[in-house]
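Hello,

Here is the structure I promised to pass on. Please open it first, then read my notes below.

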Amino acid sequence: MKFLASAMVATMAVGGAAQAAVIPYTVSGTFSDGTTLSGSLAFDSSAKSGKQIGDVQLSIAGGYTASDWFYNNVGFHDPVSGTALADTPYSISFRNARGDWLHFGVKADYDNNGKISAITSDRLIVGDITTEYTTFYATMDSRGNMSRPVYLTSGTIAATTTAVPEPASWALLMAGFFLVGGATRYRRRTVRLSFN
């Protein structure tokens, strides 16, 4: 019985440690010129700083159409003082093959090393050029000239609630079943001595 309990505790501990830190987000919004933003991305809190955004599927449609944006960089412009920061503005930049820019402004928590630990708001930061970390897009023409930024008037970045188990999670689950199954079959053998 002790072996069974130990196996179950070990399985739960290993399974909990292997849970993915990747959180999928859906993104939507409307810019001041009427174009709309839609799509999704993923945030990985366990990844290295500057590598925490992935699986980017974003599209701008309306007066201007572009897709296939790729993650460009993360901007954290405030000095890292060695203490954790909560609900602090954070910028994420994207580009497409033509060189157009899409810039997100969100709020996030930072750890002591200046690495983002969580996105804390389901709203994209909106405003004009006077608002730091605001969300906007700008297009590139054939001569390499950038248009004036078009700013977001409303937008959300909401965590997707449905979780899809990763292959590693399935493997751990199966390993747990084998451990528990083996534990139930395990029998302690005793030796009886008889004196005639």
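Let me start with Thr134. Its relative accessibility is 4%, so Thr134 counts as buried, the cut-off being under 20%. Bear in mind that this is a predicted model.

Where does Thr134 lie? Look in the loop between β7 (116–119) and β8 (136–138). Its side chain makes a polar link there: the backbone oxygen of Gly127 is 3.0 Å away from the side chain of Thr134. Gly127 is also one of the residues that Thr134 touches, once those up to four places away in sequence are left out. The others on that list are His103, Phe104, Gly105, Ile125, Val126, Asp128 and Tyr151.

Next, Ser28. This residue belongs to strand β1, which covers residues 22–31. Ser28 has 33% relative accessibility and therefore counts as partly exposed. Setting aside neighbours within four places in sequence, Ser28 contacts Leu37, Ser38, Leu124, Ser154, Gly155 and Thr156. Ile157 is 129 residues from Ser28 along the chain, yet their C-alpha atoms are 6.8 Å apart.

Now the whole chain. There are two helices and nine strands. Read from the N terminus, the order is α-β-β-β-β-β-β-β-β-β-α. The chain has 196 residues, and 29% of them count as buried. Take the contacts between residues at least 6 apart in sequence: 52% of these join residues at least 24 apart. The exposed area of the chain is about 12,300 Å², with 57% of it supplied by carbon and sulfur atoms.

Best wishes

Key
Residues are numbered from 1 along each chain as its sequence is written. This is a predicted model: local features need pLDDT of at least 70, side-chain atom pairs count only at pLDDT 80 or more; totals for chains, interfaces and linings use all residues. Side-chain values use heavy atoms; hydrogens and water are left out. Helices (H or I, at least four residues) and strands (E, at least two) are DSSP runs, numbered from the N terminus. Buried means under 20% relative accessible area, exposed over 50%, partly exposed in between (1.4 Å probe, protein chains only). A polar contact is a pair of N or O atoms within 3.5 Å; within protein, one must be able to donate a hydrogen and the other to accept it, and residues adjacent in sequence count only if both atoms are side-chain atoms. Contact means heavy atoms within 4.5 Å. Accessible areas come from the Shrake-Rupley method with a 1.4 Å probe; for residues, only the protein chains shown count as cover.
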